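Biologist: Shall we go through this one together? I would like to ask how each label was earned.

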There are 2 protein chains.
Amino acid sequence: MRKFNDSLPLRLLKAREAAMAFFRPLLQEIPLTEQQWRVIRALNEFEELESKQLAELCCILSPSLTGIINRLEQQGYIKRRKSSEDQRRILISLTEKAKDMFARMSPLLEERYQEMTERFSSRDMKKLEELLNKLCDVKP
Amino acid sequence: MRKFNDSLPLRLLKAREAAMAFFRPLLQEIPLTEQQWRVIRALNEFEELESKQLAELCCILSPSLTGIINRLEQQGYIKRRKSSEDQRRILISLTEKAKDMFARMSPLLEERYQEMTERFSSRDMKKLEELLNKLCDVKP
DNA sequence: TTCATTTTATTAATATGTTAATGAATGTCT
DNA sequence: AGACATTCATTAACATATTAATAAAATGAA
């Protein structure tokens, strides 16, 4: 069998840890978890989203998202309203507080992203992204 | 700022999910979690490991590993003993039951790995692994 | 040797991941 | 309209992730 360290899932996990190491310190200062930031980032781009869309975009399962949304609401970062057509659906959007925080944080995080890209090599980063996208399309 | 879906950490997360989709169904039949299998796989290769080494190898933090080890012991898959030189250290190894199970499962998982590699392209897989390894070495 | 420091595993507290089950709202079909 | 299935969000139950704190053992310097 393949050696333990040659496992692709393990490599993907380690690579992700290495990448997140650039951003975690900044998020911890606020403080926000990685998942909370992912949700806020998605909402900043798409304005208002249904819970289900948000879960799909952020790669977070619905039950986890329920908790994350609750905590973000407690912290005053998001607001929710019910859809008028379909009473099951919840529509979620950022508060002003969240938008301000995002505007303050995103340049700092972008800076780190550049730093990571440079240290890794801009060309390799592009190639890596291509391959990851391709891998996402491979299904059993 | 970069579009939401262009984030490298998110891509790594999605790619990992795509890869794990090949293996999850098999593990669920036993049943074993992904982390439990990672621990068993490491122990199969290294015979006996200290808790700390195991955590390092499997990319699992010590507090999580404590629970995983406890549950695996409950299920009869691992045994633990104290180091004679250093009374703090715990040495962990597989039981016969675990070795048998591993011998039965690993060919099936290896089959899936081949299937994944073929669908993805063997050359691209190699390139991807290279890039992931390189990314792991990039530090803030 | 003694005291302070460091290392190791664990516990505590909280957040998230994962699958199954639930309840409410909607859709479908007759 | 009424019975049935489907969809969506949530809850439940358990496993893992994460940071801080702790207790015990080992180490190192005075």
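Modeller: Gladly. By class, the surface near DNA strand D has six nonpolar, nine polar and nine charged residues. Do keep in mind that this is a predicted model.

Biologist: What makes a residue count as near DNA strand D, and which residues are the closest?

Modeller: A heavy atom of the residue has to lie within 4 Å of the strand. For DNA strand D, 24 residues surround it, the closest being Gln28(A), Lys52(A), Arg88(A), Thr33(B) and Arg71(B). Sugar and phosphate make up 76% of the DNA strand D atoms that come within 4 Å of the protein.

Biologist: Why is the pair formed by Lys52(A) and DNA strand D called a polar contact?

Modeller: The cut-off for a pair of N or O atoms is 3.5 Å. A polar side-chain atom of Lys52(A) is 2.4 Å from a phosphate oxygen of DNA strand D, so the pair qualifies. Thr33(B) passes too, because an N or O atom of its side chain is 2.7 Å from a phosphate oxygen of that strand.

Biologist: And how do you know that Glu85(B) belongs with them?

Modeller: A polar backbone atom of Glu85(B) is 3.3 Å from a phosphate oxygen of DNA strand D, which is within 3.5 Å and therefore counts.

Biologist: Which element gives the largest share of the surface near DNA strand D?

Modeller: Helix 5 of chain B, with four residues. Helix 3 (34-46) of chain B also supplies at least two residues, as do helix 2 (24-29), helix 4 (51-58) and helix 5 (62-74) of chain A.

Biologist: Let us turn to the other strand. Which residues are closest to DNA strand C?

Modeller: Thr33(A), Arg71(A), Gln28(B), Lys52(B) and Arg88(B), out of 24 residues that surround DNA strand C. Of the strand's atoms within 4 Å of the protein, 77% belong to sugar or phosphate, and the rest belong to bases.

Biologist: What makes the approach of Arg88(A) to a base of DNA strand C a polar contact?

Modeller: An N or O atom in the side chain of Arg88(A) is 3.4 Å from a base nitrogen of DNA strand C, and the limit is 3.5 Å, so the pair is accepted. Phosphate oxygens of DNA strand C are also reached: one is 2.8 Å from a side-chain N or O atom of Thr33(A), and one is 3.0 Å from a side-chain N or O atom of Arg89(B).

Biologist: Which helix leads on the surface near DNA strand C?

Modeller: Helix 5 of chain A gives the largest share there, four residues. That surface divides into six nonpolar, nine polar and nine charged residues.

Biologist: Now the protein interface. Why is the pair Asp124(A) and Lys134(B) called a salt bridge?

Modeller: The rule asks for a side-chain nitrogen of Lys or Arg within 4 Å of a carboxyl oxygen of Asp or Glu. In this pair the closest N and O atoms are 2.6 Å apart, so the name fits. The rule finds two salt bridges across the interface of chain B and chain A.

Biologist: How many residues make the contact, and what area is buried?

Modeller: Chain B and chain A contribute 52 residues each. The buried area is about 5,600 Å², with 69% from carbon and sulfur atoms. There are also 15 residue pairs in polar contact between the chains. On the side of chain B that touches chain A, helix 1 gives the most, with twelve residues. By class, that side has 30 nonpolar, five polar and 17 charged residues.

Conventions
Residues are numbered from 1 along each chain as its sequence is written. Chains are lettered from A and ligands numbered from 1 in the order in which they are written. This is a predicted model: local features need pLDDT of at least 70, side-chain atom pairs count only at pLDDT 80 or more; totals for chains, interfaces and linings use all residues. Side-chain values use heavy atoms; hydrogens and water are left out. A polar contact is a pair of N or O atoms within 3.5 Å; within protein, one must be able to donate a hydrogen and the other to accept it, and residues adjacent in sequence count only if both atoms are side-chain atoms. Ala, Val, Leu, Ile, Met, Phe, Trp, Tyr, Cys and Pro count as nonpolar, Asp, Glu, Lys and Arg as charged, and the others, Gly among them, as polar. Contact means heavy atoms within 4.5 Å. Buried area is the accessible area (1.4 Å probe) that two parts lose on being put together, summed over both.
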